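Reader: Could you walk me through this one, starting at the surface and working inward?

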Amino acid sequence: MNPYDYAHGLARALRESEWYRNLKEAKKRLEADPEAWRMAHDIRRRTVELQLKAMGGQTVTTEEQEQLRKLQEVAMLHPAVRAYLEAESRLSVVMDDIQRILAEAIAPVVDLPGKRAAETTEHQ
């Protein structure tokens with residue numbers, strides 16, 4: 001079987017998983033509530049803005065971090081927002097684990113960021 005067939009099989013398995021079904025249901029509930037949808041959208045937008053700022057080499061201030069934390073706290077009081085964000089987080093962990101497994105499979109022949117620095121330090 002070629003890797004693309006396995007990837008399509010993995011995609012099917014993810015779509016059939018409890019993690020995916022839970023996220024899909026949570027998204028339906030979120031979309032049915034305009035206030036909840038707006039809160040979740042605001043959190044996502046603000047999170048991405050701060051991540052892009054940090055990746056661009058700009059400093060994310062303590063005040064900006066605190067504003068996002070407060071926004072998240074308020075939003076998490078809403079059951080639909082909380083369910084969606086928690087379901088999204090659980091599926092994200094699965095996706096991160098899969099990415100790590102795939103990266104480990106090719107690590108012996110690919111220089112991954114940070115790997116070379118760790119090896120250099122070990123050999124000194």
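Reader: Which residues make the nonpolar surface patch of about 320 Å²?
Author: Keep in mind that this is a predicted model. One member of the patch, Leu 52, sits in helix α3. The patch of about 320 Å² is made by Val 48, Leu 52 and Met 55.

Reader: Is Leu 52 buried or exposed, and at what relative accessibility?
Author: To be called exposed, a residue needs over 50% relative accessible area. Leu 52 passes that cut-off, so it counts as exposed, at 53%.

Reader: On to charges: how many salt bridges does a search of the whole structure find?
Author: Side chains of opposite charge can pair when their charged atoms come close. Here the cut-off is a Lys or Arg side-chain nitrogen within 4 Å of an Asp or Glu carboxyl oxygen. Searching the whole structure with that in hand, you get 14.

Reader: Arg 29 has a salt-bridge partner; which residue is it?
Author: Look in helix α2, 4 residues away from Arg 29, which means about one helical turn. Arg 29 is partly exposed at 40%, and its partner is partly exposed too, at 38%. The N to O distance is 3.8 Å, and the partner is Glu 25.

Reader: And how far apart, N to O, are Lys 27 and Glu 31 in their salt bridge?
Author: These two are also in helix α2, 4 residues apart, so about one helical turn separates them. Lys 27 is partly exposed at 36%, and Glu 31 is partly exposed at 45%. Their side chains meet with an N to O distance of 3.8 Å.

Reader: Which residues are joined into one network with Arg 38?
Author: Start with the bridge from Arg 38 to Asp 42, where the closest N and O atoms are 3.2 Å apart. They're 4 residues apart in helix α3, so about one helical turn lies between them. Salt bridges with shared partners then extend the network, which joins Arg 38 with Asp 42, Arg 45, Arg 46, Glu 49, Lys 53 and Glu 64.

Reader: Now inside: which element gives the most to the largest nonpolar core?
Author: That core has 16 residues, with Leu 23, Tyr 84 and Leu 85 among those with the most contacts inside it. Two or more residues come from each of α2 (18-31), α3 (34-55) and α5 (79-106). The top contributor, with 7 residues, is α5.

Reader: Leaving aside neighbours within four places in sequence, what is Val 81 in contact with?
Author: Val 81 is one of the core residues with the most contacts inside it. With those sequence neighbours set aside, its contacts are Leu 30, Ala 36, Met 39 and Ala 75.

Methods:
Residues numbered from 1 in each chain as written. Predicted model: local features only at pLDDT ≥ 70, side-chain atom pairs only at ≥ 80, totals over all residues. Heavy atoms only, no water. Core = buried A, V, L, I, M, F, W, Y, C linked by side-chain atoms within 4.5 Å. Buried < 20%, exposed > 50% of the residue type's maximum accessible area, 1.4 Å probe, protein only. Contact = heavy atoms within 4.5 Å. Patch = residues over 30% accessible without salt bridge, like charges linked within 9 Å, V, L, I, M, F, W, Y side chains within 5 Å. Areas by Shrake-Rupley, 256 points an atom, 1.4 Å probe, with all protein chains shown as cover.
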